[in-house]
Amino acid sequence: MSYVHLTISERVKIEAYLEIGFLMRKIAHHLERQPSTISRELKRNPSYNAINVPQYASKRSE
């Protein structure tokens with residue numbers, strides 16, 4: 001199974017959409033992603049800040 005990681009640009013958009021009150025399904029629709037992708041991203045990073053997401057990922061991998 002092949003997949004594509006979320007880009008920094010998409011993470012910044014997720015953060016902006018959350019700030020204006022979009023629900024996960026609406027965010028997924030705007031990013032042309034599955035709602036489950038957005039849900040998993042938010043579960044991995046409960047205090048979502050798009051700039052810090054790559055740092056969290058690298059710390060978790062160590």
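**Helix 2 and the nonpolar core**

The face of helix 2 turned away from its buried side carries two exposed residues, Arg25 and His29. Exposed means over 50% relative accessible area, buried under 20%, and partly exposed in between, with a 1.4 Å probe and protein chains only. The structure is a predicted model, in which local features need pLDDT of at least 70 and side-chain atom pairs count only at pLDDT 80 or more, while totals for chains, interfaces and linings use all residues. Residues are numbered from 1 along each chain as its sequence is written, and side-chain values use heavy atoms, with hydrogens and water left out.

The protein has four helices and zero strands. Its pattern along the sequence is α-α-α-α. Helices (H or I, at least four residues) and strands (E, at least two) are DSSP runs, numbered from the N terminus. The protein has 62 residues, of which 31% count as buried. About 4800 Å² is exposed, and carbon and sulfur atoms supply 55% of this area. Accessible areas come from the Shrake-Rupley method with a 1.4 Å probe; for residues, only the protein chains shown count as cover. Of the contacts between residues at least 6 apart in sequence, 43% join residues at least 24 apart. Contact means heavy atoms within 4.5 Å.

On its other side, helix 2 is buried at Ile27, Ala28 and Leu31. Seen down the helix axis, these buried residues fall within an arc of 100 degrees, so they line one face of helix 2. The arc is that of the directions from the helix axis to the C-beta atoms. The buried residues of helix 2 pack against helix 1 and helix 3.

In soluble globular proteins, nonpolar side chains tend to be buried together. Here the largest nonpolar core holds 10 residues: Leu6, Ile14, Tyr17, Phe22, Ile27, Ala28, Leu31, Ile38, Leu42 and Tyr48. Two or more of these residues come from each of helix 1 (8-19), helix 2 (24-31) and helix 3 (35-44). Helix 2 gives the most to this core, with three residues. A nonpolar core is a set of buried Ala, Val, Leu, Ile, Met, Phe, Trp, Tyr and Cys residues joined through side-chain atoms within 4.5 Å.

Two isoleucines illustrate the packing. Residues up to four places away in sequence are not counted for Ile27, which touches Ile14, Tyr17, Leu18, Phe22 and Ile38. Ile38 lies in helix 3. Ile38 counts as buried because its relative accessibility is 0%. With residues up to four places away again left out, Ile38 touches Ile14, Met24, Ile27, Ala28, Leu31 and Arg33. Ile38 and Arg25 are 13 residues apart along the chain, and their C-alpha atoms are separated by 8.1 Å.

Aromatic geometry was searched across the whole structure, and one aromatic pair was found. Tyr17 and Phe22 form this pair, which is stacked, at 4.9 Å centre to centre and 5 degrees between the planes. Rings of Phe, Tyr and Trp (its six-membered ring) pair if their centres lie within 6.5 Å; planes under 30 degrees apart count as stacked, over 60 as edge-to-face and the rest as tilted. Tyr17 counts as buried because its relative accessibility is 19%. Lys26 lies over the face of Phe22, at 4.5 Å from the ring centre. A charge sits over a ring if NZ of Lys or CZ of Arg is within 6 Å of the ring centre and within 35 degrees of the ring normal.

The loop between helix 2 and helix 3 contains Glu32. Just after helix 2, this residue takes a positive phi of about 55 degrees. Glu32 does so although it is not a glycine. Glu32 counts as exposed because its relative accessibility is 74%.

Pro35 lies in helix 3. Its relative accessible area is 25%, so Pro35 is partly exposed. Apart from neighbours within four places in sequence, Pro35 is in contact with Arg25 and Ala28. Pro35 and Leu23 are 12 residues apart in sequence, with 9.7 Å between them, C-alpha to C-alpha.
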